[in-house]
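Morning, everyone. I have one structure to go through today, and I will keep it short. Please have a look at the sequence and the model first.

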Amino acid sequence: MEVEEMEDEGSSSQSELPHSEDLHQESLQLESTSLVDQVYVDKKAVDKLTEGFLAHYLPDLQNSKRALQELTQNQVILLDTLDQEVTKFRECNALLDLNSLFTEAKVYHNKLVNIRKEMIMLHEKTTKLKKRALKLQQQKQKEALEKEQQREKELERERQLIAKPAKRT
């Protein structure tokens, strides 16, 4: 009979809290399952306890929810910042690679300049050697010509020295 009265009270207070009906049904199930320990719970008391429980813990839970949302938002901001920093480091590494390439290019440019200087120096030396060789060749030709002329003079002189028969007149 008391169970029926409690059910009647429960139907009148259903509009207050939807969750209190679930609690009431659970308490009824507990009452029906344990016949030995029959505990009668007043619906109003359950509703007031539920309201008190929610009033006590709900603000803290809502504050915790807001704090977690703020932390999540801060994490997103930190991740974006971290991505930007990683990008900057990659650009710095790329610049270092670029600087090493420029340094290497400078080294090779200096090597090319040195090779060019050596080639110019070798060209000058070969030009001097060619001129010297030409002078030596001309001098040898001159000496050979002078020897040839000397020999011809000697041959001519020998011919002149050879007795010629006198012409009879």
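I will start with the overall make-up, then go to one surface patch, and finish with the salt bridges.

First, this is a predicted model. The protein has 3 helices and 0 strands, so read from the N terminus the order is simply α-α-α. One of the helices, α3, covers residues 43–161, and the residues I discuss next are on that helix or in the patch.

How much of the protein is buried? Of the 169 residues, 7% are buried. The accessible surface comes to about 16,100 Å², and carbon and sulfur atoms account for 58% of that surface. On contacts, counting those with a separation of 6 or more, 65% are between residues 24 or more positions apart.

Now the patch. Phe53, Leu54, Tyr57, Leu58 and Leu61 make a nonpolar surface patch of about 480 Å². Leu61 lies in helix α3 and is exposed, at 54% relative accessible area. Phe53 is exposed as well, at 51%. Tyr57 has 40% relative accessibility, which means partly exposed, because the exposed class begins over 50%.

Two of these patch residues also pair through their rings. The count for the model is 1 aromatic pair. That pair is Phe53 with Tyr57, with 4.9 Å from centre to centre and 50° between the planes. Why is the pair called tilted? Stacked needs planes under 30 degrees apart and edge-to-face needs over 60, so 50° falls into the tilted class. Phe53 and Tyr57 are 4 residues apart in helix α3, so about one helical turn separates them.

Last, the salt bridges. The whole structure has 4 of them, and I will go through some, including Glu85 with Lys88. In that one, the closest N and O atoms are 3.8 Å apart. Glu85 and Lys88 sit 3 residues apart in helix α3, about one helical turn. Both count as partly exposed, Glu85 at 33% relative accessibility and Lys88 at 48%.

Further along, Arg151 forms a salt bridge with Glu148, with 3.7 Å between the closest N and O atoms. These two are again 3 residues apart in helix α3. Arg151 is partly exposed at 49%, and Glu148 is partly exposed at 34%.

Then there is Arg159 with Glu156, at 3.5 Å. Both lie in helix α3, 3 residues apart, about one turn. Arg159 is exposed at 53%, whereas Glu156 is partly exposed at 39%.

That is all I have; questions are welcome.

Notes
Residues are numbered from 1 along each chain as its sequence is written. This is a predicted model: local features need pLDDT of at least 70, side-chain atom pairs count only at pLDDT 80 or more; totals for chains, interfaces and linings use all residues. Side-chain values use heavy atoms; hydrogens and water are left out. Buried means under 20% relative accessible area, exposed over 50%, partly exposed in between (1.4 Å probe, protein chains only). Contact means heavy atoms within 4.5 Å. Accessible areas come from the Shrake-Rupley method with a 1.4 Å probe; for residues, only the protein chains shown count as cover. Patches are made of residues with over 30% relative accessible area and no salt bridge: like charges are joined within 9 Å, nonpolar side chains (Val, Leu, Ile, Met, Phe, Trp, Tyr) within 5 Å. A salt bridge is a side-chain nitrogen of Lys or Arg within 4 Å of a carboxyl oxygen of Asp or Glu. Rings of Phe, Tyr and Trp (its six-membered ring) pair if their centres lie within 6.5 Å; planes under 30 degrees apart count as stacked, over 60 as edge-to-face and the rest as tilted.
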